[in-house]
Amino acid sequence: MDMLRELNPQQQQAVTAGTGAILVLAGPGSGKTRVLTQRIAYLIGYLGVRPYHVLAVTFTNKAAREMDERIGNLLGERNRGLTLGTFHSICGRILRREAQYLPFDPNYVIFDADDQIRVVKQVVKDLNLNDKLYRPHGIHGSISRAKNELLFPDDFPVQTYRDEVVKRVYERYQKMLLASNALDFDDMLLWTAYLLGQMPAVRERYARRYEHILVDEFQDTNMVQYTLLKHLASFHQNIFVVGDADQSIYRWRGADYRNVLRFEEDYPDSQVILLEQNYRSTQTILDTAMAVIDQNPKRTPKKLFTERGDGRKITLRELYDDREMAAFLVGQIAKDVAAQKNEPGDFAVMYRTNAQSRILEEAFLAAGFPYKLVGAQRFYGRREVKDVIAYLRLVYNPRDEISLMRVINTPRRGIGDKSILTLRTYAGQQNLSPGEIVLQMGLYPDSEHGEALPNRVATSLAGFGRLLSSWHTQKDDLTPMGLMDLILGDIDYRTYLEDGTEEGKERWENVMELRRLASEYENRSLEAFLENIALVSDQDTLDDTGNVPTLLTLHAAKGLEFPVVFIIGLNDGTLPHIRSFEDPEAMHEERRLLYVGITRAEDQLYLLYALNRFNYGYMESADPSRYLEDIPLELVSGAPARQNSNYGAIFRPERWDASEEIESVEQQYHPGMNVNHAAWGDGMVLNSKIEDHEEIVDIFFEDVGLKRVVASLARLEIKP
DNA sequence: ATAAAGTGACTTTTT
DNA sequence: GTCACTTTAT
């Protein structure tokens with residue numbers, strides 16, 4: 001095997017490992033994609049496994065495409081029949097094939113995040129709930145979490161009154177989706193897991209087929225995904241997973257890196273292989289990354305090393321505000337490019353929140369420097385794009401109520417709230433969806449619906465019904481682009497959009513861009529087009545074309561690498577994000593996020609923070625990120641060399657100045673400690689924090705319950 | 001039924 | 001400071 005010679009011993013071990021369960025713990029830049037692709041090539045090319053019997057799962061389409069390409073390079077045509085895709089796309093395929101066993105039809109549509117919120121809003125309204133108290137976003141989050149835990153509405157645990165309400169919304173939400181013949185992202189996984197769990201015959205069919213299962217980014221799997229994999233591997237038990245708990249950054253989406261532990265429990269004979277050699281970064285960058293991540297508790301320490309040498313020190317820089325930060329980095333990039341140190345495409349700028357990209361764009365624009373921004377939402381979230389997609393979706397699946405509501409009066413055709421309410425009520429009585437009523441009115445001009453509805457309503461609805469039915473009957477004879485052209489022409493969408501303003505022109509251009517995307521589906525179905533646009537991720541929109549700097553969130557940066565990386569907004573409140581402050585697990589994830597960012601850099605790393613930042617349009621002063629304090633001085637260029645490096649003193653001028661008057665306080669109490677208080681007796685520390693140079697401790701006392709005390713005043717005694 | 005004006009919520013990350 | 005949603009006026 002020639003190809004094996006290019007691998008290090010650990011990589012070789014992973015690629016050629018035998019059957020059974022195999023867990024590869026792969027540090028950043030350790031060549032895990034390479035191991036995965038070579039493993040597949042090894043299975044097919046060397047062991048003679050038929051591609052039909054191999055399943056490889058990734059999280060993004062981009063990762064899937066990349067693997068497909070690389071396997072193609074190794075195997076050529078011999079990879080045909082391989083199942084390779086994201087969890088969602090693979091589930092999507094299974095669900096269309098097996099819909100007969102499930103409460104929806106094969107031509108279901110996928111509701112995106114926006115659609116999902118609309119449904120929740122509608123339900124909240126239908127149930128006469130106060131949407132200030134029961135905010136759709138929050139409710140949706142609870143529903144999504146439940147689905148990730150494999151809980152259907154009936155299983156939804158109720159402990160509080162709010163749970164009770166959420167449960168009712170969840171029930172109705174789910175009914176509404178099914179009535180629309182629609183699934184949300186979570187459903188795609190949930191229904192597949194349900195199918196494989198409840199139907200032994202179906203499970204066995206798939207489990208027998210997939211002799212080998214390979215999973216990328218295993219640390220990002222949630223409970224449903226884990227269950228799914230377990231079902232699929234239930235016959236052959238050959239499951240090869242690759243992951244890195246330190247790069248787990250999707251907990252908020254239900255991901256649970258403890259699946260790694262679960263894996264070792266469920267497959268006691270599993271082999272564990274560690275990949276620690278890094279082929280991406282300089283040792284200085286790796287040391288910086290390790291200094292940050294080592295502060296996280298309960299992790300398997302990994303010693304990342306490289307043969308690349310130390311390289312340059314990292315650059316740490318304080319800027320006055322976000323604007324100056326953006327200007328600094330654009331200037332730095334321009335300077336390096338002019339000096340021919342780097343090409344424009346070598347640079348990446350990473351940030352915690354999408355909102356931070358705006359000021360960067362302005363700076364690049366002002367400098368006349370081209371850039372690219374990673375983010376699908378930008379395009380697919382646009383009103384005009386969503387409208388056109390809604391038309392297509394409605395034609396594909398007339399029961400899609402969200403799409404119907406979106407387009408029924410866009411452009412205006414005299415169907416207002418009143419008419420819609422009438423239609424809805426009538427549809428409910430007929431046990432049909434509103435879309436089906438409208439479609440039938442178009443299909444059969446003399447249908448009884450026209451009689452049953454008030455005259456004015458019937459006339460306007462029939463008009464729209466004629467359009468819908470004509471598209472619906474022609475859809476199978478047209479390409480996705482052909483259908484789109486037909487619709488755009490029939491509704492005169494261009495005239496509607498182009499109102500003479502620059503914005504109107506832009507909107508039409510976006511529609512034309514969507515048309516171009518549709519044109520790539522010349523030989524594929526409308527179904528494929530709709531599914532693909534529903535499942536694109538921000539990462540998927542990233543192409544390596546155009547030699548220009550890349551702007552992206554830290555989340556989107558996972559799996560990528562760049563010679564020069566700027567991580568901006570390293571301020572407390574931004575990174576770590578303020579919304580994580582209360583939750584220790586979330587704080588650990590913030591740290592991992594920074595770790596992911598740092599380890600994207602090959603040669604040079606810039607860490608930038610601002611003294612002031614804009615918040616809700618107001619300027620306020622900001623603290624440097626606490627994580628900066630963990631980075632040893634000797635890794636940083638230009639920083640003063642001091643013994644007992646105390647970044648707090650260096651980075652926070654106010655503390656530096658004040659340090660003589662106010663003694664700094666060290667945290668003495670930690671959660672779990674047992675303490676005694678003279679008056680309240682024995683108790684256990686729940687939480688402790690330093691605030692205004694005082695340690696504030698929350699203690700649960702056996703006799704008096706929860707109390708909050710100031711450590712310096714309370715004279716607590718620590719007990720063993 | 002629609003357009004204009006006013007209100008308030010919001011910003012974490014995304015398949 | 002921005003967007004989406006609601007109220008108000010035509």
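Here are four short exercises, with worked solutions, on this predicted model.

**Exercise 1. Overall build**

Task: Work out how compact chain A is for its 720 residues.

Solution: Start with the secondary structure, which comes to 30 helices and 24 strands in chain A. Next, take the radius of gyration: 28 Å, close to the 27 Å that the globule rule gives for 720 residues, so chain A is as compact as a globular protein of that length. Then look at the outline: the C-alpha atoms fill a box of roughly 90 × 65 × 60 Å along the principal axes. Finally, buried residues make up 54% of the 720.

**Exercise 2. Two asparagines**

Task: Decide whether Asn181 is buried or exposed, and do the same for Asn431.

Solution: Begin with the backbone. Most residues other than glycine have a negative phi. Asn181 has a positive phi, near 50°, and Asn431 has one near 60°. Now place them: Asn181 sits in the loop between α7 (161–179) and β5 (182–184), while Asn431 is in the loop between α18 and α19 (434–443). Last, apply the cut-offs: buried means under 20% relative accessible area, exposed over 50%. Asn181, at 0%, is therefore buried, and Asn431, at 72%, is therefore exposed.

**Exercise 3. Cis peptide bonds**

Task: Find where Pro411 and Pro576 lie, and describe the bonds leading into them.

Solution: Most peptide bonds are trans. Thr410 and Pro411 are joined by a cis bond, with omega about -5°; Pro411 lies in the loop between α17 (401–407) and α18 (417–430). The bond from Leu575 to Pro576 is also cis, omega near 5°, and Pro576 belongs to the loop between β15 (562–567) and α27 (584–598).

**Exercise 4. A charged patch**

Task: Name the residues in the patch of negative charge on the surface.

Solution: They are Asp68, Glu69, Asp543 and Asp544. Asp544 is in the loop between α25 (526–534) and β14 (550–553) and is exposed, at 72% relative accessible area.

Notes
Residues numbered from 1 in each chain as written. Chains lettered and ligands numbered in written order. Predicted model: local features only at pLDDT ≥ 70, side-chain atom pairs only at ≥ 80, totals over all residues. Heavy atoms only, no water. Patch = residues over 30% accessible without salt bridge, like charges linked within 9 Å, V, L, I, M, F, W, Y side chains within 5 Å. Areas by Shrake-Rupley, 256 points an atom, 1.4 Å probe, with all protein chains shown as cover. Salt bridge = Lys/Arg side-chain N within 4 Å of Asp/Glu carboxyl O. Lys, Arg positive; Asp, Glu negative; His and termini not counted. Charge placed at Lys NZ, Arg CZ, Asp CG, Glu CD. Helix = DSSP H or I, 4+ residues; strand = E, 2+ residues; numbered from the N terminus. Buried < 20%, exposed > 50% of the residue type's maximum accessible area, 1.4 Å probe, protein only. Rg over C-alpha atoms; globule rule 2.2 N^0.38 Å.
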